[in-house]
Amino acid sequence: MDMLAKDASHIRLRFEKNELEKISDPILDHAEEFTSSTLDLANLLKEQGYRIRNTFRQPPHAFGN
C-alpha cells in the first residue's frame, strides 16, 4: 500500500492486487470491532479484488440487434 496524496479532507492510497484480501479479510472477519468507515473500506477492497479476478465481458450483440 502506498499513500499517493493526503490533504485536510482526502487520502489517496494505492494497493497491489495481492494486498486487497490480506487487508479486507481480517477486517471483515472481525467486523464487530471496527467502525463503519473501516468496514466500507474493507468492502471496497474486497469488491475490487472480485472485479480484478472476473474478466468476463458481455460480447457485443449477444442478445440480437
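Buried means under 20% relative accessible area, exposed means over 50%, and partly exposed lies in between, with a 1.4 Å probe and protein chains only as cover. The model is predicted, so local features need pLDDT of at least 70 and side-chain atom pairs count only at pLDDT 80 or more, while totals for chains, interfaces and linings use all residues. Residues are numbered from 1 along each chain as its sequence is written, and side-chain values use heavy atoms, with hydrogens and water left out.

**Exercise 1: a pair between strands**

Find the salt bridge partner of D2, and work out which elements the pair ties together.

*Solution.* Start with the definition: a salt bridge is a side-chain nitrogen of Lys or Arg within 4 Å of a carboxyl oxygen of Asp or Glu. The partner of D2 is R14, with 3.5 Å between the closest N and O atoms. Next, place both residues: D2 sits in strand β1 (residues 2-6) and R14 in strand β2, so the bridge ties together parts that are 12 residues apart in sequence. Strands (E, at least two residues) and helices (H or I, at least four) are DSSP runs, numbered from the N terminus. Finally, check the accessibility. R14 counts as partly exposed because its relative accessibility is 44%, and D2 is partly exposed at 35%.

**Exercise 2: the two sides of α2**

Describe helix α2, and decide where its buried and exposed residues lie.

*Solution.* First, the span: α2 (residues 36-53) has 18 residues and reaches 26 Å from its first C-alpha to its last, close to the 26 Å expected at 1.5 Å a residue. The expected value is 1.5 Å times one less than the number of residues. Second, list the buried residues of α2: L39, A42, L45, K46 and G49. They share one side of α2 because they cover an arc of only 125° around the axis, an arc being that of the directions from the helix axis to the C-beta atoms. Third, turn to the face away from this buried side, where S36, S37, L44 and R51 are exposed.

**Exercise 3: where the helices meet**

Identify the buried residues of α1, and say what they pack against.

*Solution.* L20, S24 and I27 are the buried residues of α1. Seen down the axis, they fall within an arc of 75°, so they line one face of the helix. They pack against α2, where contact means heavy atoms within 4.5 Å. Now look from the partner: α1 (20-29) is among what covers the buried residues of α2. On the other side of α1 you will find K22 and D29 exposed.

**Exercise 4: two salt bridges of α2**

Compare the settings of the K46–D25 pair and the R51–E47 pair.

*Solution.* Begin with K46 and D25, whose side chains meet in a salt bridge at 2.5 Å, N to O. This pair links distant parts of the chain, with K46 in helix α2 and D25 in helix α1, 21 residues apart. K46 is buried because its relative accessible area is 16%, while D25 is partly exposed at 25%. Then take R51 and E47, whose closest N and O atoms are 2.7 Å apart. These two residues are 4 residues apart in helix α2, so about one helical turn separates them. R51 counts as exposed at 53%, and E47 as partly exposed at 35%. To finish, note the total: the structure holds 4 salt bridges.
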